[in-house]
Structures are given as C-alpha cells and as structure tokens.
Amino acid sequence: MIRPILRYGDQILHDPAAPVTEITADIQRLIDDMIQTMYAAPGVGLAATQVGVPLRIFVADVSGGRVASDLLTFINPELVEADGTQHEDEGCLSLPGFTAIVERPTRAVVKGLDRDGRQQVVEGVGLLARCFIHEMDHLDGALFVDRLRGLKKDLILRKIKKLSRSGKW
Ligand code: NI
C-alpha cells in the first residue's frame, strides 16, 4: 500500500525516531509499504518518519528499482564510519520541489538489522553514502534543509511558509 508522505513542518519529521524492539508482522507490512511508496514517488530512499511512523527504519535503492540487489532495508541503523566530502544537489520527498547542494561524506558504512532481523554492514560510496546519511538524519529528526545555512536555507523556508499560507503545502 502506498502511504502518504509527510512534508516539512509535520512534527513527526522533526522529532527523533525510536528504536524497533521487535520485528513483527506490522513492521514487515510497514517495510513493504515503504518500499512501494519509495518506488512510486519515485525516490531513492525513504525513512519511516516520512510516512508518519516514528521508528528507526529506512529503505533505499539508488538504482531506482533497476537492480534487485540494490534494495536495502535497515532497522535500527548506526553509522560505523564516514570519510571524505562531497557536494552534490540533494532533494527529499518531504520537501517536494526543492533541492540544494548539501555537504556529505563520500563514503559511509552503516550497520543495522535487515528486514529478517539479521545483522548487516553495508559500505556506501557516492550516492549511496549520501543516501545513507540523508536517511539516518531523518531518523534523528533532521531534513536536508536543516543542514544548510544562510540565504539558501532562508529562501527555502520562506517559500514553504508562503506555500503553507496559501494551502499549497
Ligand atoms: Ni528525505
């Protein structure tokens, strides 16, 4: 089932999510829905907070569904290692219509459980590293716009406020 994606300003997106204590049938359903919602959007990553569930789960597929083995599910992810610096344009399904250059590591290693509860460690380079950090930020209540400073940030926030006031957000 495709679930609605919350937008910047919805409090669930701005609060840290709680760890998953047990992988139940409801969690499996949630993961299936998150994958379907990510592909339908379309996007390369989605955090549970974005569909209104404050739990530490994200899904990612930087191939956009073209390479089956690229689909990753992380439950209770933790950053193990990060290095390097990249500056690329980044967007977010919770900030439709906006992108900005965001500084991220070029390499990030994440460990956590897969959807069957098995421990996994995955190294992400380039886009996958960016995606990992972006999704882990979501689980801590941060969106890419929170990583910006100055004019660019003000401009995006002002536009969102304007869209909200006219009921278009
Ligand atoms: Ni996002």
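**Figure 1. Strand 1 meets strand 2 in this predicted model.** In this predicted structure, strand 1 and strand 2 run antiparallel and are joined by 3 bridges. One residue to look for here is Ala47, whose bridge partner in strand 2 is Phe58. On its other side, strand 2 (residues 57-60) pairs with strand 3 (residues 72-83), again in the antiparallel sense, over 4 bridges. Two of the residue pairs are easy to pick out: Val59 stands opposite Thr73, and Ala60 stands opposite Leu72. Backbone hydrogen bonds are what pair the strands of a sheet, in a parallel or an antiparallel way.

**Figure 2. The open sheet and the helix packed on it.** Stepping back a little, we find 5 strands in the order 1-2-3-6-7, forming an open sheet with antiparallel pairing. Which strands sit at the edges? They are strand 1 (45-47) and strand 7 (119-125), each of which pairs on one side only. On average, neighbouring strands of this sheet are turned by 35° against each other, ignoring direction. Helix 2 (residues 25-40) packs on the sheet and touches strand 1, strand 2 and strand 3. The direction of helix 2 makes about 40° with that of strand 2.

**Figure 3. Strand 2 from the side, with Ile57 in focus.** The side chains of strand 2 point two ways: Ile57 and Val59 go one way, while Phe58 and Ala60 go the other. Are these four residues buried or exposed? All are buried. For Ile57, which lies in strand 2, the relative accessible area is 0%; this value is under the 20% limit, so Ile57 counts as buried. Leaving aside neighbours within four places in sequence, Ile57 is in contact with a list of residues that includes Val20, Ile27, Leu30, Ile31 and Met34. Also among the contacts of Ile57 are Leu46, Ala47, Ala48, Phe74, Ile75 and Leu139. With Ile31, the sequence separation is 26 residues, yet the C-alpha atoms of Ile57 and Ile31 are 8.0 Å apart in space.

**Figure 4. Helix 3 lies across the sheet.** Helix 3 (residues 127-139) lies across strand 1, strand 2, strand 3, strand 6 (107-113) and strand 7. Relative to strand 7, helix 3 runs at about 125°. Why can helix 3 be called largely enclosed by the rest of the structure? Because 12 of its 13 residues are buried. The buried residues of helix 3 include charged-type names you may want to inspect, among them Arg130, Glu135 and Asp137, along with His134 and His138. Its end C-alpha atoms are 19 Å apart, which agrees with the 18 Å that 13 residues should span at 1.5 Å a residue. Following helix 3 comes Gly141, with a positive phi near 85°.

**Figure 5. Aromatic rings and a charge over a ring.** Which residues form one aromatic cluster? Phe58, Phe74 and Phe132 do. The count of aromatic pairs comes to 4 when ring centres are required to lie within 6.5 Å. A charged group also meets a ring in this model: the charged end of Arg7 sits over the ring of Trp169, 5.1 Å from its centre.

**Figure 6. Backbone details worth a second look.** Most peptide bonds are trans, and most residues other than glycine have a negative phi. Against that background, the peptide bond from Ala41 to Pro42 is cis, with omega near -10°. Pro42 lies in the loop between helix 2 and strand 1. Asn76, although not a glycine, has a positive phi of about 50°, and its place is in strand 3. Gly167, just after helix 4, takes a positive phi of about 70°. Helix 4 itself (residues 150-165) has 16 residues and reaches 23 Å from its first C-alpha to its last, close to the expected 22 Å.

**Figure 7. Thr85 in its loop.** Thr85 is found in the loop between strand 3 and strand 4 (86-91). With a relative accessible area of 46%, Thr85 is partly exposed. Beyond its neighbours within four places in sequence, Thr85 is in contact with Glu103, Arg104, Pro105 and Thr106. Thr85 and Arg107 are 22 residues apart in sequence, with 8.3 Å from C-alpha to C-alpha.

Conventions
Residues numbered from 1 in each chain as written. Predicted model: local features only at pLDDT ≥ 70, side-chain atom pairs only at ≥ 80, totals over all residues. Heavy atoms only, no water. Pairing = 2+ DSSP bridges. Axes fitted to C-alpha atoms, helices over the stretch in contact; angles between N-to-C directions. Contact = heavy atoms within 4.5 Å. Expected span 1.5 Å × (residues − 1). Phe/Tyr/Trp six-rings, centres within 6.5 Å; stacked < 30°, edge-to-face > 60°. Lys NZ or Arg CZ within 6 Å of the ring centre and 35° of its normal. Buried < 20%, exposed > 50% of the residue type's maximum accessible area, 1.4 Å probe, protein only.
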